[in-house]
Amino acid sequence: MPSRPQPSFPEHDTQPYWDAVKDGKLTYHVCTDCSAVVFTPRGQCTECGSDSLEVRESSGMGTVYTYSVIRQNRVPAFAELGAYALAYVDLDEGFRMLTNIVGVADPTKDVKIGQRVKVEFEAQDTGDYPIPVFRPV
Ligand SMILES: [Zn+2]
């Protein structure tokens, strides 16, 4: 099975995030001027426009905000997966990310809004960067 699409570099705003993922860390930004939590990785605060962003490491713990079950995907990396859960997860530090819920027998029944989940990093067959996904705890 082909690997999922990988990030392509150079890309100033997201490369540090992906390098942290490679080290098994999920990171986000906090604005040092207005304290806003900023995700996805970018060069400026989404609230005040400041470029004074501090990188922090997430605990990786979160809650399913919402999800959908994909039953068929023609992209080669996903074509053989069968049904899988695509979800927005609210991390405990205050940011939301689009991801997958893994480790469930039946994603149509075993994923719930409000479910507690923890990040893990799904290794790929090719490419340098694992993909952050979440597993119920
Ligand atoms: Zn700010």
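Tutor: A nonpolar core is a set of buried Ala, Val, Leu, Ile, Met, Phe, Trp, Tyr and Cys residues joined through C-beta atoms within 7 Å. Keep in mind that this model is predicted.

Student: Which residues make up the largest nonpolar core?

Tutor: In soluble globular proteins, nonpolar side chains tend to be buried together. Here the largest such set has 11 residues. Its members are L26, V64, A85, A87, V89, L91, I101, V111, V117, V119 and F134.

Student: Which strand gives the most to this core?

Tutor: Two strands, β5 (84–91) and β7 (116–122), each supply at least two of its residues. The top contributor provides 4 residues. That strand is β5.

Student: With which residues is A87 in contact, leaving aside neighbours within four places in sequence?

Tutor: A87 belongs to the largest core. Three of its contacts, V64, I101 and V111, are also listed as members of that core. The full set of contacts is V64, T66, Y67, T99, N100, I101 and V111.

Student: How many residues are in the other core?

Tutor: This other core lies apart from the largest one. Among its members are Y28, C31, V38 and L53. Its residue count is 5.

Student: What is the strand order in the open sheet of 3 strands?

Tutor: Strands of a sheet pair through backbone hydrogen bonds, either parallel or antiparallel. In this sheet the pairing is antiparallel. The edge strands, β2 (37–38) and β3 (53–57), each pair on one side only. The order is β2-β1-β3.

Student: Which residue in β3 stands opposite C31?

Tutor: Strand β1 covers residues 27–31 and runs antiparallel to β3. The two are joined by 5 bridges. Both C31 and its partner also belong to the core of 5 residues. Opposite C31 stands L53.

Student: How many bridges join β7 to β8?

Tutor: β7 pairs with strand β4 (residues 61–70) in the antiparallel sense over 3 bridges, as a start. In that pairing, G62 stands opposite V117. β8 (residues 131–136) also runs antiparallel to β7. The bridges between β7 and β8 number 6.

Student: What is the bridge partner of V119 in β8?

Tutor: V119 is listed in the largest nonpolar core. Its partner in β8 is listed there too. That partner is F134.

Student: What pattern of helices and strands does the protein follow along the sequence?

Tutor: Start with the inventory: 2 helices and 8 strands. Read along the sequence, the pattern is α-β-β-β-β-β-β-α-β-β.

Student: What is the radius of gyration, and how does that agree with a compact globule?

Tutor: The C-alpha trace spans about 45 × 35 × 25 Å along its principal axes. For 137 residues, a compact globule would have a radius of gyration near 14 Å. The protein's value agrees with this, at 16 Å.

Student: How far apart do the C-alpha centres of domain 1 and domain 2 lie?

Tutor: The domain assignment splits the protein into domain 1 (7–57) and domain 2 (59–137). Across the boundary, 9 residues of domain 1 are in contact with 11 residues of domain 2. The separation of the centres is 21 Å.

Student: Which element supplies the largest share of the side of domain 1 that touches domain 2?

Tutor: By class, that side has 7 nonpolar, 1 polar and 1 charged residues. The largest share is 3 residues. They come from α1.

Student: Why does D23 count as exposed or buried?

Tutor: D23 sits in the loop between α1 (15–22) and β1. It has 10 other C-beta atoms within 10 Å. The cut-off for exposed is 12 or fewer. Therefore D23 is exposed.

Student: How far is the C-alpha atom of D23 from that of P130?

Tutor: D23 and P130 are 107 residues apart along the chain. Their C-alpha atoms are separated by 9.4 Å.

Student: Which residue follows F39 across a cis peptide bond?

Tutor: Most residues other than glycine have a negative phi, and most peptide bonds are trans. One cis bond runs from F9 to P10, with omega near 15°. P10 is in the segment before α1. Another, with omega near 20°, runs from F39 to T40.

Student: What is the phi of S35?

Tutor: S35 lies in the loop between β1 and β2. With 10 C-beta neighbours inside 10 Å, S35 counts as exposed. Its phi is positive, in a residue other than glycine, and is near 70°.

How values were computed:
Residues are numbered from 1 along each chain as its sequence is written. This is a predicted model: local features need pLDDT of at least 70, side-chain atom pairs count only at pLDDT 80 or more; totals for chains, interfaces and linings use all residues. Two strands pair if DSSP finds at least two bridges between them. A residue is buried if 20 or more other C-beta atoms lie within 10 Å of its own, exposed if 12 or fewer, and partly exposed in between; C-beta atoms are placed from the backbone. Two residues are in contact if their C-beta atoms, placed from the backbone, lie within 7 Å. The radius of gyration is taken over C-alpha atoms; the globule rule is 2.2 Å times the number of residues to the power 0.38. Domain bounds come from an automatic or database domain assignment. Ala, Val, Leu, Ile, Met, Phe, Trp, Tyr, Cys and Pro count as nonpolar, Asp, Glu, Lys and Arg as charged, and the others, Gly among them, as polar.
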